[in-house]
Amino acid sequence: MMAAPLLSIDKLHVQFRTYAGVVHAVNGMSFDVRKGEIFGLVGESGCGKSVTGLAILRMVPHPGQISAGSILFHGEDLLLKSKSEMQAIRGGRIAMIFQDPSASLNPVFTIGNQITRVIRQHLPVSRDEAKERALSMFAAVGLPDPENIFHTYPHELSGGLQQRAMIALALSTGAELLVADEPTTALDVTIQAQILVLLAELRDKQGVSILLITHNLGVVAETCDRVGVAYAGSIVEMGDTEDVLYHMKHPYTHGLLAALPHPSRRGQLLQAIEGNVPNGLALPSGCPFHPRCEHVMDVCREKKPELVCLGAEHLVACHLYDEQRS
Amino acid sequence: MYRLEYIIRRLIMAIAVLISVSIVTFFIARVVPSDPAAAWVGSHPTEEQVAQARETLGLDRPLYEQYFRYMQGVLHGDLGKSVKTHQPISTDLKTFFPATLELVLVSMLIAIVFGIPLGVFSGAGKGSLLDHTTRLLAIAGVSIPTFWLGLILQLIFFGRLGFLPLNGRISTEIALYDPISQMTGFYLIDSAITGNWVAFKDALLHIILPAFTLATYPLGLTIRMTRSTMIEVLNEKYILAARVAGISERAILFILALKNAIIPTITVLGLSFVYSLTGAILVEVVFSWPGLGTYVTNAVLSIDFPVIVSVTLLVTVFYVFINLFLDLAQAMIDPRVTL
Ligand SMILES: Nc1ncnc2c1ncn2[C@@H]1O[C@H](COP(=O)(O)OP(=O)(O)OP(=O)(O)O)[C@@H](O)[C@H]1O
Ligand SMILES: [Mg+2]
């Protein structure tokens, strides 16, 4: 039984019009985030993960523009929402957190001031009620001594506590979807693990769905229910974490995993994927991965492969599987 | 608690600064080649008169003794007498200083009320039409000579339109029939607390042109400073985080970003406030404003050393306190600043 998608991104395109030319940052990105799941969006630096995350909130930075596609949230296209409707959705129903919590918190306001401002922006509550809500949120994200945290300034907290505060702030209004862009990348390994555990806990207890953006396959393996592998602005492989990580189909996913250290390959050299990530200014024709692919065929240079199902939950965009579509 | 300690420490330092400034100005005023005793007695004095004056003024005593006697007076509120007019300087200051202070404060208010919002909008809409217009205004503000602007404004608003009075602090009729009772020396405040609204309106009309003229420079500075720090702050991740959290644009600009961007603007405003106390001379002359700038300039031209020393001390007091205020304001705004 498949849960209904909470968020459904379909053939999203985002372009940046720069002096050097048009940068195609996101190229036909498609994936779903279902209710109550943690969906991992993984890929190398520059493949369009952050831009996709910001596009969901219609916050693509200047000079970027969403040029095509749709982003359905509860079945309604966010790209058709008015400015004020969008403002209510941001932070109210879809929240987002970033990599560096110390930079994401405003240095000259207390944590309490910042969280109550967000709560009161979205919910018709009094100052006291907002504070109460904030304190219980602090407790929910495992911040010690909530009353004290409420009155501290961001710089007085460690990175791990700052990220917990950031998560509390993001979820304080009861948002249903959390877009977490590399939420643990800037943190120590032990703290990373704690934050990931917290995210899973919040999913379980508060029922929040999470789009977890990361370049770290370890994070995906530990935390995500499903995962999409992005390359040059579109998904090349997607499915249950287990299927994608242990029964991968796409040559790029193969390459990514081969580049990781693994006990079974002890003593062997790690294999980096040959070549470079394509530049968004001049994408290769056909399949964007073809210049780096060992299995490249003529068709790969001409036609961009569509995502096709190989079994119920496992999708791949590669001409190698053209025969097997079901 | 550490803040109180800091304030006390700074006040002690302030006293040291004031003592040094008083010594330096006192001695400089006395080594310039001029004879205060001769100035005291006026033109064509006899030898005897000058000698007499020298004794009255204590100029026959050693220099250090003169200094101590002078400072003793200062501590008791006696700043001495002008060697030109024989007027007690503290009496002079009671009329000239509030006049300048009122003018400068109103001009600062204009700079803040217009400069900060314009700087914020200009920085937020970098490259927009509003931004270009505002920047032009800011450049004009800091580069147009004030006396010229003052004359042009007089020409327009008094000469052509007849909306506003030409100069002075108050109309002669008002001074005669609805006089303002002197309390603080600020006409706007004194007339308001006594409910003398006729005089209030008249004083307000009089202060508009000189205050606006004096405001152009700090206004230009405020706009430029606010604009550039706003541009920087608006690029910060916490602003993106606030936008992503759905905070309204107005709150983002005027609360979340401005509090991060305001410190350099406050500093510029504070320093230009102190500067204007004596630097308003050109505006005072153009608008016949009986202020400190005019007073001290005349004193300098006639080497009226007790006046020079007194005004220098007065301005130094303001300078020291404004600096203390700026440091405290900075620590209050930004919790990362330690005193
Ligand atoms: N402001 C911008 N102007 C021009 N191009 C941009 C801008 N922001 C992003 N891009 C382009 O969009 C592409 C995708 O960027 P994005 O930040 O989404 O990558 P990412 O997958 O999040 O990478 P990382 O792992 O480094 O965060 C980049 O290759 C970049 O060229
Ligand atoms: Mg990124």
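These legends accompany several close-up views of a predicted model with chains A and B.

**View 1. The contact between chain A and chain B.**
Let us begin where the two chains meet. Chain A brings 23 residues to the contact, and chain B brings 18 residues. About 2000 Å² is buried between chain A and chain B, with 71% of that area coming from carbon and sulfur atoms. Eight residue pairs are in polar contact across this interface, both partners having pLDDT 80 or more, while the count of salt bridges between chain A and chain B is zero.

**View 2. The side of chain A that touches chain B.**
Here we stay with the interface and look at chain A by itself. How many residue pairs are in polar contact across the interface of chain A and chain B? There are eight, with both residues at pLDDT 80 or more. On the chain A side, at least two residues each come from β6 (94–97), α3 (101–104) and α4 (111–122). The element that gives the most is α4(A), with four residues. By residue class, this side of chain A has 14 nonpolar, seven polar and two charged residues.

**View 3. The largest cavity, lined by residues of both chains.**
A search of the whole structure turns up two cavities of 30 Å³ or more, and this view shows the largest, which holds about 190 Å³ of space. Its lining counts 18 residues; V118(A), L169(A), A241(B), A242(B) and A245(B) are the ones nearest the centre. Chain A supplies at least two lining residues from each of β6, α4 and α7 (159–171), and chain B does likewise from α11 (237–244). Which element gives the largest share of this lining? That is α11(B), with four residues. The lining is made up of 13 nonpolar, four polar and one charged residue.

**View 4. The second largest cavity and its cysteines.**
Next comes the second largest cavity, with a volume of about 70 Å³. It is lined by 13 residues, and those closest to its centre are P251(A), C287(A), C293(A), C300(A) and C318(A). Nine of the lining residues are nonpolar and four are polar, with no charged residue in the lining.

**View 5. The largest pocket, with residues of chain A and chain B in its lining.**
The largest pocket takes in about 1300 Å³ of space. Among its 36 lining residues, M59(A), V60(A), P61(A), H62(A) and R243(B) lie nearest the centre. From chain A, the elements α1 (49–56), β4 (64–73) and α2 (83–89) each add at least two residues to the lining. From chain B, α5 (89–124), α10 (197–234), α11 and α12 (249–279) each do so too. The lining divides into 14 nonpolar, twelve polar and ten charged residues.

**View 6. The cis peptide bond between H62(A) and P63(A).**
H62(A), one of the residues nearest the centre of the largest pocket, is joined to P63(A) by a cis peptide bond with omega about 0°. P63(A) sits in the loop between α1 and β4 of chain A. As a reminder, most peptide bonds are trans.

**View 7. A salt bridge between E37(A) and R226(A).**
The structure holds 17 salt bridges over all chains, and one of them pairs the side chains of E37(A) and R226(A), at 3.0 Å from N to O. The two residues are 189 residues apart and link distant parts of the chain. E37(A) belongs to the loop between β2 (21–34) and β3 (38–42) of chain A, whereas R226(A) is in strand β9 (residues 226–231). Side chains of opposite charge can pair when their charged atoms come close.

**View 8. The backbone at K11(A).**
We finish with K11(A), which is not a glycine and yet has a positive phi of about 45°. K11(A) is part of strand β1 (residues 5–18) of chain A. Most residues other than glycine have a negative phi.

Conventions
Residues are numbered from 1 along each chain as its sequence is written. Chains are lettered from A and ligands numbered from 1 in the order in which they are written. Side-chain values use heavy atoms; hydrogens and water are left out. Contact means heavy atoms within 4.5 Å. Buried area is the accessible area (1.4 Å probe) that two parts lose on being put together, summed over both. A salt bridge is a side-chain nitrogen of Lys or Arg within 4 Å of a carboxyl oxygen of Asp or Glu. A polar contact is a pair of N or O atoms within 3.5 Å; within protein, one must be able to donate a hydrogen and the other to accept it, and residues adjacent in sequence count only if both atoms are side-chain atoms. Ala, Val, Leu, Ile, Met, Phe, Trp, Tyr, Cys and Pro count as nonpolar, Asp, Glu, Lys and Arg as charged, and the others, Gly among them, as polar. On a 1 Å grid over the protein atoms alone, a cavity is a set of points where a 1.4 Å probe fits but cannot get out, and a pocket is an open set with protein on both sides within 12 Å along at least five of seven lines; lining residues have an atom within 4 Å of a point. Grid points are joined across faces, edges and corners, and a volume is the space filled by probe spheres set on the points.
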